[in-house]
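Here's a quick tour of a model you may want open in your viewer. Take a look at it first, then read on.

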Amino acid sequence: HEQYVLSGKDGYKYRKVSYEPYTGPKEKATFVTLARNSDLYSLLESIKSVEDRFNSKFQYDWVFLNDEEFTEEFKNVTSALISGQTKYGLVPKEHWSFPSWIDQDKAAAVREEMRAKKIIYGDSISYRHMCRFESGFFYRHPLLDDYDWYWRVEPDIKLHCDINYDVFKFMADNNKKYAFTISIKEYEATIPTLWKTTRDFMALHPEYLPENNMLDFLSDDDGESYNLCHFWSNFEIASLDLWRGEAYSAYFEYLDKAGGFFYERWGDAPVHSIAASLFLERDQIHHFGDLGYYHVPFHQCPIDDDVRLGNRCDCDPKKDFTWHSYSCGSKFYAVNKLPRPDGWQEHSS
Ligand code: GDP
Ligand code: MN
């Protein structure tokens with residue numbers, strides 16, 4: 001068997017590798033999916049794609065979390081498709097409700113205002129609980145205690161390419177802590193005070209920022225303002241220790257006390273992205289440019305023919321979002337001084 005693999009060190013340089021079907025030791029890693037029972041059938045598409053393209057070769061476990069009990073149907077059908085062990089957990093009420101310090105009237109007024117302004121999910125309570133849970137609580141669920149690494153999967157996603165190497169082992173071997181496929185700019189109206197709150201936190205805790213952090217991915221004026229770039233968190237492969245650690249624990253608590261998950265509509269994507277970019281060394285963040293990925297409405301599709309055809313991708317490179325001007329992909333490669341693939345400019349609009 002052969003596969004084209006993008007090197008973590010040199011950006012878009014790839015090498016062709018041969019491999020034997022995997023039988024060796026595995027990382028302590030799991031897929032993790034937060035879902036409602038009603039998400040079952042759109043989730044199956046995602047599971048099928050992840051199993052066919054990757055996990056049938058490695059048999060990693062899969063943890064499902066829900067704010068309500070999963071039905072027997074949900075458990076039976078998902079476990080039939082998954083090659084690893086499946087585990088089903090209930091989110092504790094404290095992790096899916098308004099904290100005591102939140103002013104309910106103020107939060108309700110904000111939802112009404114955002115509804116009038118037609119801000120996406122602006123009037124939703126459950127979406128806010130979801131964002132807060134994915135920001136600060138999923139990694140504290142006891143079912144995740146057994147693991148060092150996770151890969152987040154949502155309903156209705158697709159992997160476009162074969163993945164014949166162990167991505168978790170890749171992370172461990174290359175000292176990576178956080179990885180993404182697609183990056184994009186956030187709607188400013190959902191996070192008006194997130195950056196100010198973050199700056200206040202940084203001023204209190206400069207010790208959490210390593211010298212070689214990636215602030216220049218987040219800000220074009222040395223931290224004055226946020227350029228809205230973030231990693232799309234519907235896909236994440238990351239170290240659980242990143243979130244369990246002291247820096248992120250303090251940061252999440254600071255954000256939670258500020259109330260922006262309810263008084264605004266802070267998303268877990270900008271929260272995770274800001275934290276990873278500030279608290280990690282820049283070369284601990286990896287772009288998986290070789291997987292091929294889809295979550296409505298954007299595709300990642302390797303534009304390099306050798307990578308795309310060699311890895312049996314089933315996507316149209318004209319639809320690749322990575323180098324588009326609304327994406328922050330180009331910025332990531334620029335600030336980290338990584339080479340971009342030939343022809344990326346033709347995919348930038
Ligand atoms: P979007 O991608 O931002 O449009 O948001 P999604 O609707 O895909 O939700 C993000 C993730 O959270 C998905 O995995 C959903 O299945 C899950 N999710 C969203 N809302 C809820 C909820 O109220 N309860 C549960 N259990 N899961 C939810
Ligand atoms: Mn989604």
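## Two odd phi angles, a sheet and a ligand

Let's start in a loop: D156 sits between β6 and β7 (158–159). This is a predicted model, so keep that in mind for everything below. D156 isn't a glycine, yet its phi is positive, at about 60°. Is D156 buried, exposed or partly exposed? It counts as partly exposed, because there are 16 C-beta neighbours inside 10 Å and the buried label takes 20 or more.

Y121 also has a positive phi, near 60°, and isn't a glycine either. Its home is the loop between α3 (104–116) and α4. Here are three loop residues and their surroundings.

| Residue | Loop | Other C-beta atoms within 10 Å | Class |
|---|---|---|---|
| Y121 | between α3 (104–116) and α4 | 17 | partly exposed |
| D156 | between β6 and β7 (158–159) | 16 | partly exposed |
| E207 | between α6 (194–204) and α7 (215–218) | 8 | exposed |

E207 has a distant partner in sequence: F279 is 72 residues away along the chain, with 9.5 Å between the two C-alpha atoms.

Now for the sheet. It's an open one with seven strands, in the order β5-β4-β3-β6-β11-β8-β12, and the pairing is mixed. The edges are β5 (86–90) and β12 (285–287), each pairing on one side only. On average, neighbouring strands are turned by 20° against each other, if you ignore direction.

Within that sheet, β6 (residues 149–152) runs antiparallel to β11 (residues 236–239), and four bridges link them. W151 has I237 in β11 as its bridge partner.

Strand β11 also holds E236, which UniProt lists under "active site" in an unreviewed entry. Why does E236 count as buried? Because it has 22 C-beta neighbours inside 10 Å, and the cut-off for buried is 20 or more. Leaving out residues up to four places away in sequence, E236 touches R152 and F180.

On to ligand 1. The residues around it are T33, L34, A35, R36, D39, N66, D67, S126, M130, E154, P155 and N234. By class, that shell has four nonpolar, four polar and four charged residues. Strand β3 (29–34) and helix α4 (125–136) each contribute at least two of the shell residues.

One last backbone detail: the peptide bond joining V296 and P297 is cis, with omega at about 5°. P297 is in the loop between β13 (293–295) and β14 (298–300).

Key:
Residues numbered from 1 in each chain as written. Chains lettered and ligands numbered in written order. Predicted model: local features only at pLDDT ≥ 70, side-chain atom pairs only at ≥ 80, totals over all residues. Pairing = 2+ DSSP bridges. Axes fitted to C-alpha atoms, helices over the stretch in contact; angles between N-to-C directions. UniProt positions renumbered as here; feature names shortened; annotations may be inferred. Buried ≥ 20, exposed ≤ 12 C-beta atoms within 10 Å, placed from the backbone. Contact = placed C-beta atoms within 7 Å. Near = placed C-beta within 6 Å. Nonpolar A, V, L, I, M, F, W, Y, C, P; charged D, E, K, R; others polar.
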